[in-house]
Amino acid sequence: MSDCLFCKIAAGEIPSTKVYEDEEILAFRDIAPKAPVHILLIPKKHLASLAEAGPEDAALLGKMQLLARQLAEQEGVAESGFRVVANSGPNSGQEVAHLHYHLLGGEPLGDIRG
Ligand code: AMP
């Protein structure tokens, strides 16, 4: 999608601090980290949010979840604990309309509803 910030990051048109990349997925550090470890995982394919994902995306989403676990290990927070969050839609506070998982860790993360 030509007007999408994360599509531009996926295409390399806007720089990012990459921590993982393959043909389907990119993971990069959040520009305004809310925890010592704050990584965003995105599919390169444009999906506005989790609400747009369908059965055809099951393998991709599963791969992203397992990548979150792998990156948590790589970042040294797998044992201390981490959180994976996907905001979806207005009530969630989603700011960038391209599906992304936040991987957060490195300190106590406090309570969230859920
Ligand atoms: P959300 O509110 O779930 O849509 O999260 C969007 C996230 O994208 C926020 O945590 C922002 O700090 C992050 N963000 C926005 N622009 C960039 C960028 N250019 N590079 C890395 N992270 C970004």
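These exercises explore the ligand and the pocket of a predicted model.

**Exercise 1.** Find the residues around the ligand that come nearest, and sort the shell by class.

*Solution.*
Step 1. The ligand has 18 residues around it.
Step 2. Asp30, Asn87, Glu95, His100 and His102 come nearest.
Step 3. Eight residues of the shell are nonpolar, six are polar and four are charged.

**Exercise 2.** Identify the atoms of Asp30, Ile31 and Lys34 that pair with ligand atoms.

*Solution.*
Step 1. Recall the cut-off: a polar contact is a pair of N or O atoms within 3.5 Å.
Step 2. Start with Asp30. One of its polar side-chain atoms lies 2.5 Å from a ligand oxygen.
Step 3. Go on to Ile31. Here a backbone N or O atom lies 3.1 Å from a nitrogen of the ligand.
Step 4. Take Lys34. A polar side-chain atom of Lys34 is 3.4 Å from an oxygen of the ligand.
Step 5. Add the surface. The ligand taken alone exposes 510 Å². The protein buries 88% of that.

**Exercise 3.** State which elements supply the shell around the ligand.

*Solution.*
Step 1. α1 (5-10), β2 (25-29) and β3 (37-43) each give at least two residues to the shell.
Step 2. The largest share is from α1, with three residues.

**Exercise 4.** Describe the largest pocket: its space, its lining and its link to the ligand.

*Solution.*
Step 1. The ligand takes up the space of the largest pocket.
Step 2. About 610 Å³ of space lies in this pocket.
Step 3. Its lining has 27 residues. Nearest the pocket centre are Asp30, Lys34, His38, Leu40 and His102.
Step 4. By class, 14 residues of the lining are nonpolar, eight are polar and five are charged.
Step 5. α1, β2, β3, β4 (82-85) and β5 (101-105) each supply at least two lining residues.
Step 6. α1 gives the most to this lining, with three residues.

Note on methods. Residues are numbered from 1 along each chain as its sequence is written. This is a predicted model: local features need pLDDT of at least 70, side-chain atom pairs count only at pLDDT 80 or more; totals for chains, interfaces and linings use all residues. Side-chain values use heavy atoms; hydrogens and water are left out. A residue is near a molecule or strand if one of its heavy atoms lies within 4 Å of it. A polar contact is a pair of N or O atoms within 3.5 Å; within protein, one must be able to donate a hydrogen and the other to accept it, and residues adjacent in sequence count only if both atoms are side-chain atoms. Accessible areas come from the Shrake-Rupley method with a 1.4 Å probe; for residues, only the protein chains shown count as cover. On a 1 Å grid over the protein atoms alone, a cavity is a set of points where a 1.4 Å probe fits but cannot get out, and a pocket is an open set with protein on both sides within 12 Å along at least five of seven lines; lining residues have an atom within 4 Å of a point. A molecule sits in a cavity or pocket if more than half of its atoms lie within 2 Å of its grid points. Helices (H or I, at least four residues) and strands (E, at least two) are DSSP runs, numbered from the N terminus. Ala, Val, Leu, Ile, Met, Phe, Trp, Tyr, Cys and Pro count as nonpolar, Asp, Glu, Lys and Arg as charged, and the others, Gly among them, as polar. Grid points are joined across faces, edges and corners, and a volume is the space filled by probe spheres set on the points.
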